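Biologist: I'd love to talk through the aromatic side chains here. Could you walk me through them?

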Amino acid sequence: MTDIPKRHALQVMLAATLGLAMAGLTPAAGWADETYPTRPITLLIGYAAGGQTDLVGRGVARVLSNELGVPVNVVNRPGSGGLVATQVLQRAQPDGYTVLLQGHSVINADPFLVAQADFKPDDFEYAGMITAFQLSLATQKDAPFDTIAEFVEWARDNPGFTYGSLSPLARLYMEEIAEAEGLQANILPLQGGGDMINALLGRQVVLAWSGGIHYRYPDELKSIATTTTYQRTTLILPKGTPRPILERLSDALATAQDDEDFKRVTDSADVPIFYMNLDEAAEEVRHSYAANMEIFEAAGIESR
Amino acid sequence: MEHLIAGFANVLTPATLIWVAIGVGLGYTLGAMPGLGKATGVAIAIPLTFYLEPVVAIATLIGIAKGSTAGSAVSAILLNTPGEPSSAATALDGYPLARQGKAQKALKMALFASVIGDFLATLLLIALAAPLAAYALLIGPVELCAILFFSLTFIGGLAGGSMIKGLIAGALGVFFATVGLELETFIPRMTFGALELDEGISLIPMAIGMLAVAEMAVQAGKMRELDSAAAGIADGSDPDDRRVTSSDWRRCLPAIGRGTAIGSVVGILPGLGASVGSFFSYGVTQRLSKTPEAYGTGMLEGVAASESADNAVVPSSFVPLFALGIPGSVVAAILIAALIMHGLTPGPRMFTQQPQMVADIYAAMLAASLIMLGIGLVGQKFFALVIRVPMRLIIPVVLFLCCIGAYMDSNSIFSIYVMLFFAVLGYFSRKLGFSFVTFLIGFVIGPNLELTFRQSLQILNHDPTRLAGHPVAVAFLVLTVLTVVGIAFSNSRRAVRESLAARAATSNPRKLEEEPR
């Protein structure tokens with residue numbers, strides 16, 4: 001092997017080209033929308049893997065992937081009940097390649113509770129809603145209470161009990177109950193429904209708000225109360241995403257209604273499918289935001 | 001099992017195989033170049049895989065890790081300069097073989113040993129990870145917190161010469177992980193008003209800076225020495241010197257078997273690293289030999305023992321990552337970012353939620369082993385040339401790729417600033433002997449450590465006596481204390497032994513860096 005510098009330079013170039021080939025194959029961000037989508041889409045989920053939103057999200061990802069013909073990667077960005085993921089989305093490129101699937105309370109309720117989260121309905125675009133779910137207070141099957149009233153009785157005799165919280169809203173419910181009834185609660189921060197199920201089954205918490213994932217464990221867990229309002233799982237995009245992209249996603253999402261596999265997934269968490277297209281979704285977010293503002297103001301709850 | 005068969009069907013497509021081959025080839029080339037290890041290669045390549053399908057992307061990255069582990073034997077044998085510290089044991093007998101004109105034989109045996117070790121250890125990963133994951137669901141926040149605490153101390157104690165420095169580096173890693181939005185209250189911490197820091201410091205620019213840019217700065221400082229170390233080696237005239245004969249196989253197979261077993265066990269334990277595996281395997285083979293005095297003069301078994309163990313460590317170090325979500329090595333820590341980015345959260349739920357994707361990755365890993373055999377055999381002459389490329393040409397190319405990689409992480413120039421910041425930190429941690437391995441692992445487990453600690457406080461009702469109800473956690477806390485005491489005692493002895501081994505491994509001036517496993 002003799003030393004020929006020119007040949008060596010060529011070989012380095014070759015090695016470097018291997019690396020650059022990976023970068024070179026990629027279209028620039030903000031590519032023309034007529035061809036959307038041309039590369040994998042990132043679907044953000046605001047909770048850790050294993051919960052109801054994650055479950056529905058993975059079902060939606062599969063449907064979207066089938067319809068759009070590109071991979072849809074589910075990426076869990078847990079934190080503050082979806083607020084962290086929402087902020088990540090807000091700062092993403094409005095090119096349709098980063099989307100968030102999240103209950104719309106992250107926009108219509110959380111901003112009233114968390115000062116740092118100043119989201120408004122108009123800060124985002126919406127490509128539709130797919131499921132509607134109610135929150136239930138879940139506990140172990142053998143817990144010595146079956147209603148909220150019985151729970152409060154029990155909690156008075158058991159100060160320092162542990163309650164699992166997935167979101168600012170869940171935290172607020174317990175703080176309000178505890179303050180009104182003089183209870184002493186340890187609020188355990190959880191990152192997703194999977195963690196919550198583990199905490200319930202492992203008896204680390206006595207109670208937690210669940211989006212429905214606990215219905216998968218009918219022999220071990222029960223509900224003692226259910227909210228009357230619905231949360232809607234919404235496909236949210238960054239402000240400024242072109243309308244043709246939203247329409248493409250909205251149409252693709254609609255096919256989930258008739259998808260057998262998707263129905264099986266939602267049934268397992270007792271979540272009804274309730275599709276809304278992009279315009280109905282945007283209207284629902286605005287309407288519920290205005291309604292909640294009145295409620296929170298009337299109740300004198302301030303964000304912090 | 002049916003998932004695995006379907007996995008092979010999914011993976012054995014031309015497009016996937018080409019990407020895996022590119023990954024292995026790139027890794028092999030990087031591994032062959034002194035100073036460019038697997039962690040560096042994977043860190044630079046992660047952003048470049050954004051646009052690939054998840055399984056293809058992960059397989060490409062794992063291909064780089066596997067390829068560079070095998071490739072580092074090339075420079076160990078030809079230049080007596082291991083491409084990675086873990087191949088230092090390979091140089092002990094590989095370089096004398098090359099001087100005797102048997103370079104090709106040594107290179108081929110190194111490759112065969114690497115492939116066998118790698119393939120068998122991948123099978124072990126497939127067999128062990130899922131059953132272990134089933135137990136992981138029994139572990140609650142209190143137990144997890146104790147286990148994370150234990151792993152960090154264990155890794156901090158083992159990586160690098162000084163335990164105090166290792167623990168300081170780990171604590172700094174945890175500290176940098178606290179930057180960004182606080183997860184429960186949504187309040188930014190230590191961001192100094194910089195919106196880019198709200199989501200925390202991104203692992204990829206950090207890892208590229210600490211591993212690649214800092215290493216290039218160190219290498220640039222000794223460019224002349226490295227360039228002058230390249231020496232011509234002629235091939236022998238006997239054709240048997242250029243191939244592995246059946247008698248060679250008979251001699252080396254037991255060494256490969258032992259090496260694979262040792263490497264697999266070492267890989268599963270967090271923090272031990274590929275260097276420990278290869279030196280341990282080399283030592284055992286030498287001790288069991290009838291002619292231990294001949295080692296160091298060109299024994300093919302030495303090459304086989306070291307390389308099989310070295311490569312077996314890589315897949316088996318993914319066992320704790322896949323089963324529990326706990327990274328036991330730098331490559332595993334960097335892969336967490338890649339896995340999450342491509343939609344797969346490492347940990348016990350991965351097996352129940354996405355069994356097919358896991359099986360696809362397994363199939364791709366097995367395919368990567370076999371591809372490595374092909375690429376190694378075809379490309380060894382080429383790789384032998386690559387390592388002679390002068391450092392002054394390599395460094396600018398690598399720095400360029402680093403900038404691209406960091407930029408692509410967020411499409412913002414801020415990522416390049418982050419990279420530069422951690423390049424400076426990485427440079428000084430190398431110069432001052434602080435372990436960047438512990439730092440990175442501390443950074444990766446930091447958020448989980450914080451969360452589980454806070455959860456533990458709530459679950460225990462802020463009452464330490466309630467720990468009695470968590471025997472597993474107590475056991476790990478006791479283990480942590482024992483580890484600290486034990487390592488503190490043995491560390492001074494270990495430092496002496498390692499400096500001796502390093503001196504024996506490299507007679508040329510290149511300093512043996514600490515293990516970037």
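Modeller: Happy to; what follows is a short chat about ring pairs and charges over rings in a predicted model.

Biologist: How many aromatic pairs are there over all chains?

Modeller: Two rings pair if their centres lie within 6.5 Å. Applied over all chains, this rule gives a count of 23 aromatic pairs.

Biologist: Phe151(A) and Phe161(A) form an aromatic pair; is it stacked, tilted or edge-to-face?

Modeller: Phe151(A) belongs to helix 6 and Phe161(A) to strand 6 of chain A, 10 residues apart. Their ring centres are 5.4 Å from each other, with 90° between the planes. Planes over 60 degrees apart count as edge-to-face, so this pair is edge-to-face.

Biologist: Is Phe161(A) buried or exposed?

Modeller: The cut-off for buried is under 20% relative accessible area. Phe161(A) has 4%, so this residue counts as buried.

Biologist: Why is the pair of Phe422(B) and Phe439(B) called tilted?

Modeller: Phe422(B) sits in helix 19 and Phe439(B) in helix 20 of chain B, 17 residues apart, and both residues are buried. The ring centres are 6.2 Å apart and the planes meet at 50°. That angle is neither under 30 nor over 60 degrees, so the pair is tilted.

Biologist: Which residues do ring pairs link into a cluster with Phe422(B) and Phe439(B)?

Modeller: The cluster is in chain B and is held in the list by its ring pairs. Besides Phe422(B) and Phe439(B), its members are Phe175(B), Phe176(B) and Phe421(B).

Biologist: Which ring does the charged end of Arg430(B) sit over?

Modeller: The charged end of Arg430(B) is 4.3 Å from the ring centre. The ring belongs to Phe436(B).

Methods. Residues are numbered from 1 along each chain as its sequence is written. Chains are lettered from A and ligands numbered from 1 in the order in which they are written. This is a predicted model: local features need pLDDT of at least 70, side-chain atom pairs count only at pLDDT 80 or more; totals for chains, interfaces and linings use all residues. Side-chain values use heavy atoms; hydrogens and water are left out. Rings of Phe, Tyr and Trp (its six-membered ring) pair if their centres lie within 6.5 Å; planes under 30 degrees apart count as stacked, over 60 as edge-to-face and the rest as tilted. Helices (H or I, at least four residues) and strands (E, at least two) are DSSP runs, numbered from the N terminus. Buried means under 20% relative accessible area, exposed over 50%, partly exposed in between (1.4 Å probe, protein chains only). A charge sits over a ring if NZ of Lys or CZ of Arg is within 6 Å of the ring centre and within 35 degrees of the ring normal.
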